[in-house]
Structure formats: structure tokens, C-alpha cells
Amino acid sequence: MKLLIIDDEAAICSSLQFALEDDFDVQATTDPLEGLQLIKQEEVDLCLLDLKLGHTDGLQVLEDIKNIQPETIVIMMTAYGSISSSVEAIKKGAYSYLTKPLHMEELFSVLKQAAEFLQLNKRVEQLSQELEKRYAFEGMIGTCPSMKKVFELIDKVKDIDSTILVTGESGTGKELVVRAIHFSGKRKKEHFEVVNCSAIPEQLLESELFGHEKGAFTGALYKREGKFQLAQKGTIFLDEIGDMPLSLQAKLLRVIQQREVTPLGADKAIKLDVRIIAATNKDLKKAVEEGTFREDLYYRLNVMEIRMPPLRERRQDVPLLLNHFIAKFNKEMNKQVEGFSEQALKWLINYHFPGNIRELANIVESAMIVVQGKTIQLHDLPNRFIDETKAGGALRQHVDTAIDTLVGLPLKEIEEQVILATLKRNENHRKKTAKMLGISERGLREKLRCYKESGKTFR
């Protein structure tokens, strides 16, 4: 790992170079311009940079380094009287700072942490590239911070056995995250079994999960292994776990706790070595509060949560996804479409995509079918997309008009108007009103009591 030292004191450069040369490929210079030239010529992993370099401002050198090699980790060295400048350095991209005189134990500790951080970043970048090649379809492409966080979490959990919960709206690519975890981790050579908890009737789901013996119930004409048994040593993916019936949630909890499963009609339990990953598009916390999902099961499943962001939160990735799907459908349809017109691209970037990546893929596929030339025009996009975009614009205009009538009013008065209007809309049904407003019934009653005391009239 290459380490560059930039300090205007030659003695410090020499002593640091001597102390660190056994662990790093070290270069040192007292001239900041020479240091910047070295960074331009070759890749530098770590840089120890003095905050005061004679007449040169170390903060400016830091900015120059980050402009040349943004991935270089810079650790500032500063005197005790320059702590405020060091904080400014952190804001400008420095990894950390050390105070002079340097303590070697602290220096080695910070360098070790920085090296580990750099290696993690490289692994995340490598994983991101790997996932783009192997799991790019429908959304595992992205450079926005939220997607980088997803890639980082995948790298962290791929080799552990803890239960994982993947959350996100429909169409965001939750299953792709699960497959990426399995196929890039230590269990990738073992079975990967999928169970859609919302697609299988309740009376069949138990058998599907846990298996059954011959004659265990009417119609059980033969012995059948369940998905947990089939996933032995591998991964079982419980999709749409929020739709699992309460009666089965208790049995699933027992399986997770005891790490064993008893098929229907069997006397002996089977020990399990299975990684469990669940996914849902529902708010499980809310389901727990409503009594439709067991709280103990929720905490058993949610050891580590990976949230897939909706497409509207990662609009900067839309052009990347559009290019990906154009390339995909060009290959499938034997076409040579090059891209979108400026008007069509603008509409797509500003669209809210309620169906997320899945909807985007469908829009591109539909447009690719009808387009005549090499550029997709606005009129090539599906009519439903055009209609929804226009409707969305009209709705935003209506909302803006409504907001204009509230501008300048005290927040308490705005809150009061919204609460009373919602109560009226729900025909004074307080439970519905509280749920719609996202507050407790007790809180609503207290608000209404205050309004009544102030002379407001309502039933």
C-alpha cells in the first residue's frame, strides 16, 4: 500500500519514512508541488499531510489531492493550536487528523484503520462491479449514495449466518439483493430456495415450508421435503413475509429459534443449517402495532435490515437504468436504438415511478417495440405513462394552490384546519381520523378538547 508524506520539515519526513517503511511503500517530500506531481503520476493510497507547509496552506493541498485522486485517504498532521482548522479539513474530505508531536502508537492505529477503510471501499467497488455484471437486471445498477449503501451492506452480510430482512416497495429489486447475498457469499455453492408467502394458500404454505410425511393429511399421498430441508446448508428466501398468516408465524419463530424443523406428521425434528433471508414491501412495525405480525418474530427476522430505495429517491440513476434496458432490449429485439430524445428523457427523469424499476423496464420495453428510428420520442412512450405524468402535474398544481392559501398562517392554525377538515371528511369518525393523520386517538381527543375550550364548534 503506497503512502506519501508531505511535511515541510525534512527531519519529520525522514523519521516517519524510517518508522513506516516496513509496513508501507513510503515516499516523502517537503515540497507540496512535488507531492501533487507524484499523485498525478501514480496511485497513492494514503497521504500524511501537514496542515502548515511554510507559506502553503495544507487545506488547499488537501483539495488539490482530492481533485486529482478522490479515493486517496488523507490524514492531516497539525499543531495543538490548529484544531479548528483540522475540523475544517475533515469537512473538506480528510479521513482524520493527528496532533503534533506525533505519538507513534496513535499514528499506527489511525493508519491501520485507514488501510482497512480503504480495503473495504475497494471491496465494495469490486462487489458493485460484480453485481452489475451478474445481477444488473431490474435495478442492481446505481451510483447514488443509497445504492452504494446497499452494496456495502451486501458485502458485510454475505458471509454471515444472521437473519436478514430486505425491505422496500414493490419493484425495487429486493429479490436481486437476496440473490446477490447468496451467490456472492460462502453458501453460493449450496441450494437457494424461494418461498412466496403471499402466493401460496395458507393450507398449503405450512407443507411447502416444513414438508410432510405420507398420510399426514388428506391428499398427502407421498412424503415431501419442505423448502427448509431443500435449502440445507444454503439459503431460504421468504418473500413477502408480511403476508404470512399468524398461525404459521409462531411455527416459523420456533424453527428460527431452535434451528430445526419437524415435517407434518413426523415424530423427529431435523436439525437445520440454513441462512434465512426475508423480504417485505409492508411496514412490519406497523403490522406489529396492528396485531397482524408477531413482535417476537419481527425482531428475530430483523437482525440486519437492508432497505431498497424507491426509484423516486434515486433519480440520478434513471439515465443509467435507461441505458441498461435499451442495451438489453436491443439485444433481445435485434434493434439499434441509441437513446431518448431530450423531451422524453426529461419526462422520464421527472416521473415518480410508483412501480419503481419494474415499471421503468416495462416503459422502455413498450417504447422499444413501437419506435421506428434510433431515438425514442415522447410519443413512443406508453399512453398510460403520458396520462399519469399529466395527471401528476395537475395534482401538484392543485396542491401548490392549496398550500398558497396556508402561507403566512401560524403552524398551530394550519394544524387545526387540517385536523378539523380530516375529521369532517371522515364524518367525525375519530379512529379513522387519527389513523389518517398518523396520530393516536388519545392525541386526537386532546387536540379536539383544546379546540372546544377555545370556542371551536364541531360535533
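Which residues line the largest cavity? They are K2, L3, L4, D25, Q27, E42 and V44. Here is a short tour that starts from the whole chain and works its way back to that spot.

## Ground rules

This is a predicted model, where local features need pLDDT of at least 70, side-chain atom pairs count only at pLDDT 80 or more, and totals for chains, interfaces and linings use all residues. Residues are numbered from 1 along each chain as its sequence is written, and side-chain values use heavy atoms, with hydrogens and water left out.

## The chain as a whole

The protein chain has 19 helices and 18 strands. Both are DSSP runs numbered from the N terminus: helices are H or I with at least four residues, strands are E with at least two. Of the 459 residues in the chain, 43% are buried. Buried means under 20% relative accessible area, exposed means over 50%, and partly exposed is in between (1.4 Å probe, protein chains only).

How about contacts, meaning heavy atoms within 4.5 Å? Take those between residues at least 6 apart in sequence: 68% of them join residues at least 24 apart.

## Two nonpolar cores

A nonpolar core is a set of buried Ala, Val, Leu, Ile, Met, Phe, Trp, Tyr and Cys residues joined through side-chain atoms within 4.5 Å. The largest one has 28 residues, and the members that touch the most others are L209, F228, I236, L238, I241, L252 and F293. At least two residues each come from α8, β12, α10 (246-258), β15 (275-280), α11 (284-290) and α12 (295-301). Helix α10 has the largest share, with five residues.

I241 is a good place to zoom in. Setting aside residues up to four places away in sequence, I241 touches L165, C197, L252, A278, A279, T280, L284, F293 and L301. There is also a second, separate core of 27 residues, with F329, F340, F353 and I363 among them.

## Aromatic pairs

Rings of Phe, Tyr and Trp (its six-membered ring) pair if their centres lie within 6.5 Å; planes under 30 degrees apart count as stacked, over 60 as edge-to-face and the rest as tilted. By this rule there are seven aromatic pairs. In one of them, F192 and F237 have ring centres 6.5 Å apart and planes at 25°, so they are stacked. This pair links distant parts of the chain: F192 is in strand β9 (residues 192-196) and F237 in strand β12 (residues 235-239), 45 residues apart. F192 is buried at 14% relative accessible area, and F237 is buried at 0%. F183 joins F192 and F237 in a cluster linked by ring pairs.

F210 and F228 form another stacked pair, with 6.0 Å from centre to centre and 20° between the planes. F210 is in helix α8 (residues 202-210) and F228 in helix α9 (residues 227-230), 18 residues apart. Both F210 and F228 are buried. F210 has buried company in α8, including L205, E206, S207, E208 and L209. Just after α8 comes G211, with a positive phi near 80°.

## Backbone oddities

Most residues other than glycine have a negative phi, and most peptide bonds are trans. R259 has a positive phi of about 55° although it is not a glycine. R259 sits in the loop between α10 and β13 (260-261) and is partly exposed at 27% relative accessibility. N428 is not a glycine either, yet its phi is positive at about 65°. N428 is in the loop between α17 (411-425) and α18 (430-437) and is partly exposed at 26% relative accessibility.

The peptide bond from K100 to P101 is cis, with omega near 0°. P101 belongs to the loop between β7 (96-99) and α5 (104-134).

## Back to the cavity

On a 1 Å grid over the protein atoms alone, a cavity is a set of points where a 1.4 Å probe fits but cannot get out, and lining residues have an atom within 4 Å of a point. Strand β1 (2-6) and strand β2 (25-29) each supply at least two residues of the lining of the largest cavity, and β1 gives the most, with three.

Next in the sequence to the lining residues E42 and V44 is E43, in the loop between α2 (32-41) and β3 (46-50). E43 is partly exposed, at 46% relative accessibility. Leaving aside neighbours within four places in sequence, E43 is in contact with K2, Q69 and K122.

Technical notes: On a 1 Å grid over the protein atoms alone, a cavity is a set of points where a 1.4 Å probe fits but cannot get out, and a pocket is an open set with protein on both sides within 12 Å along at least five of seven lines; lining residues have an atom within 4 Å of a point. Contact means heavy atoms within 4.5 Å.
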